[in-house]
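Me: Hello! I'd like a close look at one loop residue in this model, followed by a tour of what lies elsewhere in the chain. Could you take me through it step by step?

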Amino acid sequence: MKIGIVCYPTYGGSGVVATELGLGLAKRGHEVHFITYKRPARLTTFHANVFYHEVTTEDYPLFEYTPYDTALASKLVDVVKFENLDLLHVHYAIPHAAVAYMAKKILLSEGRYVPVITTLHGTDITLVGNNNAFAPVVAFSINKSDGVTAVSESLKQQTYDYFDIHVDIRVINNFIDFERFRKVNKDHFKKAIAPNGERILVHVSNFRKVKRVEDVIRIFQKVYERLPSKLLLIGDGPERHNLEELCRKLGLCHETRFLGKQDAVEELLAVSDLFIMPSQAESFGLAALEAMACEVPVISSNAGGLPEVNIQGKTGYLSEVGDVEGMARNAIHILENDDVLREFRKNALEQARRFDIDNILPHYEAYYEEVVKTAVY
Ligand code: GMT
């Protein structure tokens, strides 16, 4: 098939999933066209059947906000026609689902039909999509998509709870590429980070409020009081400054490393002992799955889709959002005994295998075929 993929090209989860999906589809012989405003962060090398179309906008003194939606819709119309695409697959509903609908209508007016699949990722439904500023357009454009997928059962349910949706939503979980995410020997890293064999706790996110990174630091403080340990904070975002302040206030600067955005996050996961994800909301928790694939157990909140990924008492533990005490207790339980840690590591890997890219991608391919066959226009 010839597939157009629209996504945010940044380090966020939806862009990562969209890019990995596109690359996986290309490996399976499909022709994939990424259409976005910047080369996606994980699209780093040349692939024979992967194409990238940059959306460029025109600035004008009249515009307080550059009309990206209009530029994207125009680009979609152009790429669908010129590259003869069979399907548009848009990731993150805002604004992509509405923009794709507009492009579809323009193409229809010219007698050209292209079906649109929207994948819901999380805050496009919860924190952001549910906001009055966006909700009517989100609901409309979901209902107008030819196919809709959600990355977890929890997100599917939330979509029905928050909006008046009368189309079927298919759950296709996020996935992991084991060629990249696996435990490899990085002992030299481990020695550099934890020279005295300290346990290594890790957190990866975009440091927004919803991730509750403050909780990560407070959990770490309690672990550190009991066990020699270090904390790696990977990523960057609006909370970073406050988090650095908190580390200073708690006297944890020497034990905590802010590593910023990292391309080879798997190499750091490979030396880590425990992943912390105390999020306020989390539709799936791809970062936790990436950790589990590298044999790192997870201490998380029980928000959203996290219980579908992290299995209580097996791959880690789940607590109520904000239960720092409970999360710290569970972290210590896993970390203070080598045999317990080994067992949790093994279970984490076993659970991650359920989300192997080779198991999940065929679901997307089958869904594409179904939508192309059944879409009514
Ligand atoms: O909503 C975000 O935090 C960003 C979003 C994204 O688009 O990058 O992440 C969401 O999508 C990821 C990939 O499907 C999921 O793994 C994350 O759980 C989800 N984040 C939230 O629901 C907060």
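Does Y92 count as buried or exposed by its relative accessibility?

Reply: Happy to. Y92 counts as buried, because its relative accessibility is 13% and buried means under 20% relative accessible area, with exposed over 50% and partly exposed in between (1.4 Å probe, protein chains only). Before going on, please keep in mind that this is a predicted model, in which local features need pLDDT of at least 70 and side-chain atom pairs count only at pLDDT 80 or more, while totals for chains, interfaces and linings use all residues. Residues are numbered from 1 along each chain as its sequence is written, and side-chain values use heavy atoms, with hydrogens and water left out.

Y92 sits in the loop that runs between strand 4 (87–91) and helix 3. Helices (H or I, at least four residues) and strands (E, at least two) are DSSP runs, numbered from the N terminus. The backbone here deserves a look: Y92 has a positive phi of about 80°, although it is not a glycine. A little further along, the peptide bond from I94 to P95 is cis, with omega near -10°. P95 itself belongs to helix 3 (residues 93–109).

Y92 has a counterpart in R212, another non-glycine residue with a positive phi, in this case near 50°. R212 is also a loop residue, placed between strand 8 (199–205) and helix 7 (213–226). With a relative accessibility of 26%, though, R212 counts as partly exposed.

From the loops we can turn to the ligand. It is surrounded by 17 residues, the closest being G13, S14, T123, R208 and E282; a residue is near a molecule if one of its heavy atoms lies within 4 Å of it. Next come the polar contacts, here pairs of N or O atoms within 3.5 Å. The side chain of T123 has an N or O atom 2.6 Å from an oxygen atom of the ligand. E282 likewise places a polar side-chain atom 2.6 Å from a ligand oxygen. L286 uses its backbone instead, with a polar atom 3.0 Å from an oxygen atom of the ligand. As for cover, the ligand taken alone exposes 480 Å², and the protein buries 94% of that, with areas from the Shrake-Rupley method and a 1.4 Å probe.

What kinds of residue make up this shell? By class, there are six nonpolar, nine polar and two charged residues. Helix 1 (residues 13–27) supplies the largest share, three residues. Both domain 1 (2–175 + 356–374) and domain 2 (187–354) give residues to the shell, so the ligand lies between them; the domain bounds come from an automatic or database domain assignment.

V16 is in helix 1 too, and it is buried, with a relative accessible area of 9%. V16 is 24 residues from P40 in sequence, and their C-alpha atoms are 8.0 Å apart.

The nonpolar interior offers a second setting shared by both domains. The largest nonpolar core has 96 residues, and I35, L76 and F275 touch the most other members. Such a core is a set of buried Ala, Val, Leu, Ile, Met, Phe, Trp, Tyr and Cys residues joined through side-chain atoms within 4.5 Å. Its largest share, eight residues, comes from helix 2 (residues 68–83). This core lies between domain 1 and domain 2, because both give residues to it.

Lastly, here are some residues to find on your screen. V202 lies in strand 8 and is buried, with 0% relative accessible area. From V202 to K191 the C-alpha distance is 16 Å, with their positions 11 residues apart in sequence. N196, in the loop between helix 6 (187–193) and strand 8, counts as exposed at 66% relative accessibility. N196 and Y162 are 34 residues apart along the chain, and their C-alpha atoms are separated by 50 Å. F46 is a loop residue too, found between strand 2 (31–36) and strand 3 (50–54). F46 counts as exposed, at 75% relative accessibility, and its C-alpha atom is 28 Å from that of V99, 53 residues away along the chain.

How values were computed. Polar contact = N/O pair within 3.5 Å; in protein donor to acceptor, adjacent residues only side chain to side chain. Nonpolar A, V, L, I, M, F, W, Y, C, P; charged D, E, K, R; others polar.
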